[in-house]
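User: I'd like to go through this one with you piece by piece. Here is what I'm looking at.
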Amino acid sequence: MTVIKLIKEITSHDTVKIISESFTGDLKPITFGKLACIMDNNILVDIQEVTTGKNTFSFDVSDIFENNKEHVLRFEYSGSYQAEKKSVSTIISVNKTDNQKIKAKIVADDYFADRGVKFKFTSYLDTVDEILIEGKAVLKMDNKTINQTEIVDNKAEIEHEITNMILDEHVMSWKYETNQGTFSTSSVLYLSPKTSVLSTEYYENNGVTDEVRKLLNEDNIKTNNKSEKNFFNKIKQMFGE
């Protein structure tokens with residue numbers, strides 16, 4: 001397993017800086033390989049060697065980002081003897097006409113959830129002064145709008161059911177359209193890895209022991225016994241999977 005963590009810093013309206021940290025499955029820094037930055041799925045923006053586990057990507061907004069548009073940046077590690085191929089994404093929103101009247105930013109931490117549950121996504125606008133923020137907050141997943149809600153006490157909450165999606169990581173982007181201007185940010189939704197359900201035939205064809213065969217007969221899996229999930233978990237433990 002490869003872990004890539006993105007830390008985004010917007011230093012000004014003209015410059016965006018993103019720091020990536022790349023780790024092996026046991027959380028040791030990756031020191032070999034290449035990390036590419038790809039915009040909108042098809043434009044190679046930058047490619048860097050990974051030597052310390054940490055890389056910094058700086059972008060001049062006027063050079064590559066279109067005004068009033070959200071761009072997806074995908075950071076793809078090519079893979080090496082240290083770690084397998086891995087990619088993560090973030091969203092950059094460029095809006096020079098947002099008319100921000102105050103110095104503020106949306107705070108939205110990364111989210112961790114299971115599939116098949118209703119999850120409450122939360123965020124808030126961090127301001128220096130106690131200013132009443134009025135307006136709406138829009139939440140997107142992978143650049144597709146999920147829902148919108150009114151901003152209450154500078155905060156926004158949106159509940160959404162997590163479906164059984166294929167990917168384990170998804171980009172979440174918030175946009176606050178308020179009486180003090182428009183603000184935006186993004187974070188990542190991390191889903192618990194899928195648990196693969198192996199068939200009875202898998203165990204029968206891979207040299208199962210008499211003990212496992214006894215369990216197969218007792219639970220009668222082939223007749224769609226209701227305890228199938230618990231049974232397979234028990235078998236996986238015996239196989240060390």
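User: How much area does the protein expose, and what share of it do carbon and sulfur atoms supply?
Analyst: Bearing in mind that this is a predicted model, the protein exposes about 14300 Å², and carbon and sulfur atoms supply 47% of that area.

User: And what percentage of the residues count as buried?
Analyst: The protein has 241 residues, of which 39% count as buried.

User: How many helices and strands are there?
Analyst: The secondary structure comes to four helices and 15 strands. As for how the chain comes together, if one takes the contacts between residues at least 6 apart in sequence, 57% of them join residues at least 24 apart.

User: Let's take β10. Which residues are on its covered face?
Analyst: The covered face of β10 consists of Phe 119, Phe 121, Ser 123, Leu 125 and Thr 127, while Lys 118, Lys 120, Thr 122, Tyr 124 and Asp 126 make up the uncovered one.

User: Which way does it pair with β8 and β13, parallel or antiparallel?
Analyst: With strand β8, residues 104–107, β10 pairs in the antiparallel sense over four bridges, and Ala 104 has Thr 127 of β10 as its bridge partner. The pairing of β10 with β13 is antiparallel as well and runs over seven bridges, with Thr 122 standing opposite Glu 157 in β13.

User: Aromatics next. How many pairs are there?
Analyst: The count comes to seven aromatic pairs. One of them is Phe 57 with Phe 75, whose ring centres are 5.0 Å apart and whose planes are at 65 degrees, so the pair is edge-to-face. This pair links distant parts of the chain, since Phe 57 is in strand β5 (residues 54–60) and Phe 75 in strand β6 (residues 69–77), 18 residues apart. Both of these phenylalanines are buried.

User: Why is the Tyr 111 and Phe 119 pair called edge-to-face?
Analyst: The planes of Tyr 111 and Phe 119 are at 80 degrees, which is over the 60 degrees that edge-to-face requires, and their ring centres are 6.0 Å apart, within the 6.5 Å allowed for a pair. Tyr 111 and Phe 119 are both buried, and together with Phe 121 they form one aromatic cluster.

User: Switching to charges, how many salt bridges does the whole structure have?
Analyst: A search of the whole structure finds nine salt bridges. Among them is the one between Glu 169 and Lys 86, where the closest N and O atoms are 3.0 Å apart. That pair links distant parts of the chain, with Glu 169 in strand β14 and Lys 86 in strand β7 (residues 86–94), 83 residues apart.

User: Why does Lys 86 count as partly exposed?
Analyst: Its relative accessible area is 21%, and because buried means under 20% and exposed means over 50%, Lys 86 falls in between.

User: What about Arg 74, which residues is it linked with in a network?
Analyst: Arg 74, Glu 76 and Lys 85 are linked in a network of salt bridges. Within it, the side chains of Glu 76 and Arg 74 meet at 3.2 Å, N to O, and Arg 74 itself is buried, with a relative accessible area of 17%.

User: And Lys 28, what does it form a salt bridge with?
Analyst: Lys 28 forms a salt bridge with Asp 26, and the closest N and O atoms are 4.0 Å apart. Both Lys 28 and Asp 26 are exposed.

User: Where is Leu 27 found, and what is its phi?
Analyst: Leu 27 is found in the loop between β2 (15–23) and β3 (34–39), and it has a positive phi of about 65 degrees although it is not a glycine. Leu 27 counts as exposed, at 57% relative accessibility. Asp 153, likewise a residue other than glycine, has a positive phi near 55 degrees; its place is in the loop between β12 (144–150) and β13 (155–161).

User: Last one: is Ile 133 buried or exposed?
Analyst: Ile 133 counts as buried, at 2% relative accessibility, and it is found in the loop between β10 (118–127) and β11 (135–141). Leaving aside neighbours within four places in sequence, its contacts include Ile 102, Leu 125, Ile 151 and Thr 178.

Terms used. Residues are numbered from 1 along each chain as its sequence is written. This is a predicted model: local features need pLDDT of at least 70, side-chain atom pairs count only at pLDDT 80 or more; totals for chains, interfaces and linings use all residues. Side-chain values use heavy atoms; hydrogens and water are left out. Helices (H or I, at least four residues) and strands (E, at least two) are DSSP runs, numbered from the N terminus. Buried means under 20% relative accessible area, exposed over 50%, partly exposed in between (1.4 Å probe, protein chains only). Contact means heavy atoms within 4.5 Å. Accessible areas come from the Shrake-Rupley method with a 1.4 Å probe; for residues, only the protein chains shown count as cover. Two strands pair if DSSP finds at least two bridges between them. Rings of Phe, Tyr and Trp (its six-membered ring) pair if their centres lie within 6.5 Å; planes under 30 degrees apart count as stacked, over 60 as edge-to-face and the rest as tilted.
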